[in-house]
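Trainee: I'm new to this one. Can we go through the terms people use for it and check where they come from?

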Amino acid sequence: MTSEYKLFPGCLMTNRLPFLEASAKIVFDELGVGYSSAEFACCPNPVGLKFVDNKTWCALAARNLVEAEKENKNIMSLCNGCAQSLIIADHEMKHDPILKSEVNDILKKVGKEYKGTINIVHFVKVLYEEVGIEKIKASIKHPLTGLKVACHPGCHYARPSHILKVEEDVMNLKYLRRLVEATGATVVDYEEENLCCGNVVRNTDPYTANTMLKSKIDGAKRAGADCLAVNCPSCFQQFDSEQPKLKAMAEEGQEYKFPTFYITELLAMAMGKDPATLGIKFHRNKGKEALAKVNL
Amino acid sequence: MVNIDLNVKRDVLDLMIGGENISYCFQCGKCNEVCPVHHRWGSRYNPRDIVLFSALGYKDALFAAVARDPFILWGCTACETCDEYCPSEIPITDIICYLKNAAVAAGATPEFYPESARTIMENGMAIPVQPAINKRREKLGIGLPPNIPVNEVKIIMEATGINKIIEKKEEKTEGTA
């Protein structure tokens with residue numbers, strides 16, 4: 001059995017997309033993945049606060065790491081950005097003694113000290129490596145046979161690969177694909193799989209973000225997919241909430257109503273959970289046509 | 001005469017050298033080739049130029065360009081694709097992040113970034129707790145979120161001095177980005 005993790009859902013999931021957190025908890029309970037909460041603050045955002053001031057970003061990440069160190073438990077993140085922030089901050093402090101001592105001088109003011117004794121892991125890695133595909137397959141009661149899924153693992157799940165060390169081939173990621181296949185659904189290849197969702201550049205220039213979002217959706221549609229599967233709440237939000245903004249750049253006859261599911265939602269539905277209890281209704285795009293294909 | 005900022009030059013070369021290998025940008029342009037933003041905008045967003053100008057210490061020239069068009073720097077979507085393909089293993093996104101930090105300190109930032117930092121300072125989170133979402137959480141059976149240590153976050157942000165940088169922006173939000 002897997003050991004208990006300190007769960008790090010991150011602020012986007014906690015305070016805006018709680019149905020994603022709920023679906024993840026259902027899947028963990030079903031598979032016996034232990035988790036508990038902690039007094040974590042912002043990870044902080046690796047594409048927000050890190051751009052403002054790297055040292056502040058690192059010190060706040062270290063404060064979170066100390067919360068888990070207190071209990072000697074590893075952190076499991078439900079978000080690409082949070083996982084990336086915590087892993088990179090940990091890595092930077094382990095490789096830069098000056099930074100580590102500067103951070104610890106700051107943490108002293110809140111009675112804390114970073115030691116670097118715990119690990120941080122993305123939940124997709126936990127599901128694939130610790131739980132294992134066989135055990136997940138054994139838990140499937142309502143296979144999603146016939147559903148065609150385009151995978152979007154997201155940039156910060158695996159990059160920079162020399163630090164995150166998530167999977168062997170960073171430009172040909174397979175864990176998310178295997179998890180989707182375990183639900184009984186079919187993974188489709190599309191050229192834009194490694195392309196960024198455009199979330200970060202939206203803060204600078206929404207037009208650029210929209211062109212990237214459009215490329216992703218167009219690629220997935222061309223490949224014959226019914227929906228996208230993601231493992232990052234920022235990417236989820238980009239795909240689920242921002243598509244209406246593509247209207248102005250849509251070719252004639254093209255509609256942008258392409259549905260997105262979190263991998264834990266697909267797993268939970270395949271485990272026999274009702275989409276209504278999962279909170280699929282809270283999606284901007286409820287994916288009714290896609291779900292009807294698999295009698296949901 | 002081009003003004004050379006030796007601090008920027010040293011910091012950027014320091015980032016390039018990294019921990020284990022001494023690496024050096026030889027301007028092959030692979031970063032541009034794989035960059036989705038460069039594909040869309042061409043020379044308006046050019047990571048190869050950013051690496052060259054900053055490694056040479058041409059901070060003034062670079063920041064004058066950023067002042068004219070913030071997209072030159074802030075167009076980076078931080079997908080880190082360039083980092084994966086760079087044959088010299090230059091941490092390009094780290095260099096860009098270093099320059100973004102300097103740009104924020106100089107006031108050349110889209111308002112989103114200092115605003116987001118202020119939100120974290122006040123709430124402990126980039127996206128604060130919302131009563132309506134908390135109700136939804138309870139309906140979904142996952143209960144209220146754990147307590148957020150807002151006070152500790154504030155103390156840390158005051159200790160690093162970031163509070164002054166983001167406050168300063170509040171007074172002169174006009175003219176940025």
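Mentor: Sure, and keep in mind that this is a predicted model. Let's start with a pairing: Val149(A) stands opposite Val187(A) in S6(A).

Trainee: What makes S5(A) and S6(A) a pair?

Mentor: Two strands pair when DSSP finds at least two bridges between them. S5(A) and S6(A), residues 186–188, have 3 bridges in the parallel sense, so they meet that cut-off.

Trainee: How do you know that S5(A) pairs with S7(A)?

Mentor: By the bridges again: 4 of them join S5(A) to S7(A), residues 227–230, and the two run parallel. One example is His152(A), whose bridge partner in S7(A) is Val230(A).

Trainee: Why is S5(A) called largely enclosed?

Mentor: A residue is buried if 20 or more other C-beta atoms lie within 10 Å of its own. In S5(A), residues 148–152, 4 of the 5 residues are buried, so the rest of the structure largely encloses this strand.

Trainee: What makes H13(A) mostly covered?

Mentor: In H13(A), residues 233–242, 8 of the 10 residues are buried. Among them are Pro233(A), Phe236(A) and Phe239(A).

Trainee: Why are H4(A) and H5(A) called roughly perpendicular?

Mentor: Angles from 65 to 115 degrees count as roughly perpendicular. The axes of H4(A), residues 54–70, and H5(A), residues 80–95, cross at roughly 100° and come within 9 Å, so the label applies. The contact includes Cys58(A) and Leu65(A) of H4(A), and Leu86(A) and Met93(A) of H5(A). Its residues divide into 7 nonpolar, 2 polar and 2 charged.

Conventions:
Residues numbered from 1 in each chain as written. Chains lettered and ligands numbered in written order. Predicted model: local features only at pLDDT ≥ 70, side-chain atom pairs only at ≥ 80, totals over all residues. Buried ≥ 20, exposed ≤ 12 C-beta atoms within 10 Å, placed from the backbone. Axes fitted to C-alpha atoms, helices over the stretch in contact; angles between N-to-C directions. Parallel < 35°, antiparallel > 145°, perpendicular 65-115°, else oblique. Contact = placed C-beta atoms within 7 Å. Nonpolar A, V, L, I, M, F, W, Y, C, P; charged D, E, K, R; others polar.
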